[in-house]
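Please look through the model below. A few questions and answers about it follow.

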Amino acid sequence: MHNARLKGAILVLSGPSGAGKSSLYKILAQEFPHHYFSISSTTRPMREGEKDGVHYHFLSLEDFITQRDRGEFLEWAQVHGNFYGTSKTQVLNALKDDKLVIFDIDVQGQKNIKNAFPNQTTSVFVTTPNKKTLQMRLESRGSDTQAMIQKRLNNATQEIQNLQSFDYLIINHNLEESAKQLVCIAKLVYLKSSLFCLDSLLEQWES
């Protein structure tokens, strides 16, 4: 009944910066080699150690606005004063190849992806056990100013209030355990009934 199923599936990871999404993705990627990680485009400055086309597609504000107005983004949002967007063509090609498409995007972006692909999207919110733990992780990274850390903490408080719009919650107090939970969720996304066309499935089942 494979032909009765929509091709590809989408797994969205959201949650506060510092919650461990990147570390969890690295483990997930090893378990699912046939996947596509959607690299967002952004207007924010490149941080030390980041590479264009690996961490983000870094664009000028002018280029971002041009691509947005051409309709080249599936979704876009303004976060912390910077623009972020998801390329439409690359995601659609990955779905045609029946890949697991993985997003690491904010709460607003998650809602936009769900609106664009309601049947294929599964969303996971990743967070720390509490705000204090998140603050410690952000400070230990050493990449943000104290003002930016406070801004991220305030944003995290707002994000967690949108928890009910997500399918799953992972409280990342232990990376190994959280990774096991995420892998379990990823294994289930291709079994979602919403991926299957009922008419085609019945036709194949009765033949």
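Q: How far from Glu 75 is the nearest side chain of opposite charge, and which residue does it belong to?
A: This is a predicted model, in which local features need pLDDT of at least 70 and side-chain atom pairs count only at pLDDT 80 or more, while totals for chains, interfaces and linings use all residues. Residues are numbered from 1 along each chain as its sequence is written, and side-chain values use heavy atoms, with hydrogens and water left out. Glu 75 is buried yet has no salt bridge; buried means under 20% relative accessible area, exposed over 50% and partly exposed in between, with a 1.4 Å probe and protein chains only, and a salt bridge is a side-chain nitrogen of Lys or Arg within 4 Å of a carboxyl oxygen of Asp or Glu. With Lys and Arg counted as positive, Asp and Glu as negative, and His and the chain ends not counted, the nearest side chain of opposite charge is 12 Å away and belongs to Arg 68.

Q: With which side chain does the side chain of Glu 75 make a polar contact?
A: A polar contact is a pair of N or O atoms within 3.5 Å; within protein, one must be able to donate a hydrogen and the other to accept it, and residues adjacent in sequence count only if both atoms are side-chain atoms. Contact in general means heavy atoms within 4.5 Å, and Glu 75 touches residues including Tyr 84, Ile 105 and Asn 112. The polar contact, at 2.5 Å, is with the side chain of Thr 86.

Q: Which strands stand at the edges of the open sheet?
A: Helices (H or I, at least four residues) and strands (E, at least two) are DSSP runs, numbered from the N terminus, and two strands pair if DSSP finds at least two bridges between them. The sheet has 4 strands in the order β4-β3-β6-β5, with mixed pairing. Each edge strand has a single partner, so one side of it is left without a neighbour in the sheet. The edge strands are β4 and β5.

Q: How many residues of β6 are buried?
A: Strand β6 pairs in the antiparallel sense with β3 over 2 bridges and with β5 over 6 bridges. Asn 82, Tyr 84 and Thr 86 point one way from β6, and Phe 83, Gly 85 and Ser 87 the other way. The strand is largely enclosed by the rest of the structure, because the buried residues number 6 of the 6.

Q: Which element gives the most to the largest nonpolar core?
A: A nonpolar core is a set of buried Ala, Val, Leu, Ile, Met, Phe, Trp, Tyr and Cys residues joined through side-chain atoms within 4.5 Å. The largest has 21 residues, and Leu 11, Leu 28, Leu 100, Val 124 and Leu 182 touch the most other members. β1, α1, β7, β8 and α7 each supply at least two residues. With 5 residues, the element that gives the most is α7.

Q: How many residues apart in sequence are the parts that the pair Lys 114 and Asp 167 ties together?
A: The side chains of Lys 114 and Asp 167 meet in a salt bridge of 3.4 Å, N to O. Lys 114 lies in helix α4 and Asp 167 in the loop between α6 and β9, so the parts tied together are apart in sequence by 53 residues.

Technical notes. Lists of a residue's contacts leave out its neighbours within four places in sequence.
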